[in-house]
Amino acid sequence: MRTYLYLCSMIVFPQAKINLGLNVVERRPDGYHNLETVFCEVPLHDALEVLPMDDRFPSAADCDLKVTGICIEGDERNNLVVRAYNMLKAEHPELPRVHVHLYKDIPSQAGMGGGSSDGAAMLKLLNTLFNLGYTREELISKAARLGADCPFFILGGAAYGEGIGELLQPVSLHLNGWYLGVVRPPIPVSTKEAFALVTPCRPALCCRAVVNDDVETWRDKLTNDFEKSVFAQYPEIGAIKERLYSLGAMYSSMSGSGSAVFGLFRQPVELTPHFPHMFVKMVRL
């Protein structure tokens, strides 16, 4: 039996991501779609704390999850944090029961990968806290079973993604000193519906090549294939992109299948007055 040596608690900060270009290039025989995109971690994060559960604590679940911060919908038993724990528990039945506190600051249903980042962070945290010995490659493989975006958050940084997003190659980005503005309207966008409305097509320029050029050139070269159908269904989201450009963004795009829209700025801009009653952030990269 494995002997576990763990700290009183451990806390990590799962980061959000944006997509620099997102192209749906073909439909797969299994019903999924192959993509081309550049993932980029950004300094917006949740907080995830894990601590051992007292043997006397009356919990029916081995992973007791408490979520605070931004409200998220759905059964907590289906949260990717809990699913990550259960995945490793199935391989290590002796894994101790745990309390988990997840503080949400990454907006949900926004295309910023908050849930995926939380799930990947849980895999890494448990691996470290309980000395499970998984390699990064093994964690990436397990993360792919949780969701298409999860493998990227094991790797982190910036990466070119193919397949359903699980085939990753690190890339170098030069965004130091830029400012990222994020606006998420109170409009949930269904990823399933967004995919259903996209016509797969390979772009003239691969996003991996485009991001090597200056940011000022991205506007005419990088595309998000979800924007056409999402903007048609929700014109308010398309209007946010145009507003960010009018405020001085050098590049703006919807992230993932939405509904968050981001802009890259040379200088910080006060966004809140322009987007009342919306989630708004401005951070330095």
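Okay, let's start with one pair of residues: L51 sits opposite H99 in strand 6. Keep in mind that what we're looking at is a predicted model.

That pair takes us to the strands around it. Strand 4, residues 47-52, and strand 6, residues 98-104, pair antiparallel, with six bridges. Zooming out, they belong to an open sheet of four strands, ordered 1-4-6-5, with mixed pairing. Who's on the outside? Strand 1 (10-12) and strand 5 (63-69) are at the edges; each has a single partner strand, so one side of each has no neighbour in the sheet. On average, neighbouring strands here are turned by 15° against each other, ignoring direction.

Now the helices. Helix 1 lies across strands 4, 5 and 6, and runs at about 160° to strand 5. Helix 2 packs on the sheet too, touching strands 1, 4, 5 and 6, and its direction makes about 35° with strand 4.

And how do the two helices meet? The axes of helix 1 (residues 80-91) and helix 2 (residues 114-129) come within 8 Å and cross at roughly 35°. The contact includes L80, V81 and A84 from helix 1, and G115, S116 and M122 from helix 2. By class, that contact has nine nonpolar, three polar and one charged residues. The crossing is right-handed.

Last stop, the cavity. Searching the whole structure turns up one of 30 Å³ or more, and about 30 Å³ of space lies in it. Its lining includes G21, L22, N23, P203 and K221. Strand 2 (residues 15-27) gives the largest share of that lining, three residues. Split by class, the lining has five nonpolar residues, three polar and one charged.

Note on methods. Residues are numbered from 1 along each chain as its sequence is written. This is a predicted model: local features need pLDDT of at least 70, side-chain atom pairs count only at pLDDT 80 or more; totals for chains, interfaces and linings use all residues. Side-chain values use heavy atoms; hydrogens and water are left out. On a 1 Å grid over the protein atoms alone, a cavity is a set of points where a 1.4 Å probe fits but cannot get out, and a pocket is an open set with protein on both sides within 12 Å along at least five of seven lines; lining residues have an atom within 4 Å of a point. Grid points are joined across faces, edges and corners, and a volume is the space filled by probe spheres set on the points. Ala, Val, Leu, Ile, Met, Phe, Trp, Tyr, Cys and Pro count as nonpolar, Asp, Glu, Lys and Arg as charged, and the others, Gly among them, as polar. Axes are lines fitted to C-alpha atoms, for helices over the stretch in contact, and angles run from 0 to 180 degrees between N-to-C directions. A crossing is left-handed if the near helix is turned anticlockwise from the far one by less than a right angle, and right-handed if clockwise. Contact means heavy atoms within 4.5 Å. Two strands pair if DSSP finds at least two bridges between them.
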